[in-house]
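Trainee: I would like to learn how to read a protein model. Please take me through the features one at a time.

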Amino acid sequence: MSTTSHPNDSSARLRSRMAADRRQFEEAAASELRRFGESLRAVVNDELHSIEAVTAAGTAGIRVVLLNAWLRPLVVGLTIFFTISGGSWGLMHWLSTNIQSRIETLAWLDVQIEDARATLAEIEETTWGVTLVETERGRFVVLPDGTLEHPPWTVGGRPALKLPSE
């Protein structure tokens with residue numbers, strides 16, 4: 001074997017050395033990238049779990065906020081609304097019933113008044129205008145105008161006969 005070096009040998013050795021160095025560097029870089037990826041995955045997973053925990057706590061907080069800020073006032077408002085509506089309906093029902101009852105009573109009283117007027121007219125027609133009157137001077141039978149020429153008593157300008165006091 002010859003110990004002489006040839007320029008091609010040196011360049012081949014250099015190439016082989018560079019290839020070996022490059023492979024070693026690539027393996028070291030790949031190993032570091034894998035460790036970095038695993039570390040990054042671990043960090044991302046930790047953050048994801050933390051976000052999920054915060055989101056779960058936030059969802060519970062949102063439920064509490066919705067319950068306190070919306071649901072309770074809504075229930076109270078609806079209760080007040082239905083109470084006022086029910087009370088108003090009850091009052092209106094009572095008032096309409098009361099008014100209807102009074103209208104019916106008024107109609108009944110009108111019929112009674114008309115009956116009384118008809119009876120009064122009938123009495124006046126059958127008594128020929130003779131009326132009974134009681135004053136501070138006594139009790140009188142008041143006659144129609146022109147029935148007596150010189151009446152002993154007059155009541156309201158009409159001739160009258162005085163009835164004895166009991």
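Trainee: How many residues apart are Glu114 and Arg117 in helix α1?

Mentor: Some ground rules come before the count. This is a predicted model, in which local features need pLDDT of at least 70 and side-chain atom pairs count only at pLDDT 80 or more, while totals for chains, interfaces and linings use all residues. Residues are numbered from 1 along each chain as its sequence is written, and side-chain values use heavy atoms, with hydrogens and water left out. Helices are DSSP runs of H or I with at least four residues, strands are runs of E with at least two, and both are numbered from the N terminus. Glu114 and Arg117 are three residues apart in helix α1, so about one helical turn separates them.

Trainee: What do the side chains of Glu114 and Arg117 form?

Mentor: They meet in a salt bridge, at 3.4 Å from N to O. The term means a side-chain nitrogen of Lys or Arg within 4 Å of a carboxyl oxygen of Asp or Glu. By this rule the model has two salt bridges. Arg35 and Glu32 also meet in one, at 2.0 Å from N to O. Both of these residues lie in helix α1, which covers residues 7–126, and they too are three residues apart, about one turn of the helix.

Trainee: Are the residues of these salt bridges buried or exposed?

Mentor: Buried means under 20% relative accessible area, exposed means over 50%, and partly exposed is in between (1.4 Å probe, protein chains only). Glu32 has 41%, so it is partly exposed. Glu114 is partly exposed as well, at 47%, whereas Arg117 has 54% and counts as exposed.

Trainee: Which elements make up the secondary structure of the protein?

Mentor: There are one helix and four strands, and from the N terminus on they run α-β-β-β-β. The radius of gyration is 61 Å, well over the 15 Å that the globule rule gives for 166 residues, so the protein is more spread out than a compact globule. That radius is taken over C-alpha atoms, and the rule is 2.2 Å times the number of residues to the power 0.38. Along the principal axes, the C-alpha atoms fill a box of roughly 190 × 30 × 20 Å. Buried residues make up 6% of the 166 residues.

Trainee: What is the order of the strands in the sheet?

Mentor: Strands of a sheet pair through backbone hydrogen bonds, either parallel or antiparallel. Here, two strands count as paired if DSSP finds at least two bridges between them. The four strands form an open sheet in the order β1-β2-β4-β3, with antiparallel pairing. β1 (131–135) and β3 (153–155) stand at the edges with a single partner strand each, so one side of each has no neighbour in the sheet. From one strand to the next, the twist averages 45°; for such angles, axes are lines fitted to C-alpha atoms, for helices over the stretch in contact, and the angles run from 0 to 180 degrees between N-to-C directions.

Trainee: How many bridges join each pair of strands?

Mentor: Follow the sheet from one edge to the other. Five bridges join β1 to β2, and these two strands form a hairpin with two residues between them. Val133 stands opposite Phe140 in β2. Four bridges join β2 (residues 138–142) to β4. Across that pairing, Phe140 stands opposite Lys162, and the bridge partner of Val141 is Leu161. Three bridges join β3 to β4 (residues 158–163). There, Thr154 faces Pro159 and Val155 faces Arg158.

Trainee: Which residue takes a positive phi in the hairpin of β3 and β4?

Mentor: Gly156 does, with a phi near 65°. This hairpin has two residues between its strands.

Trainee: How many residues of β2 are buried?

Mentor: Four of its five residues are buried, so the strand is mostly covered by the cut-off given earlier.
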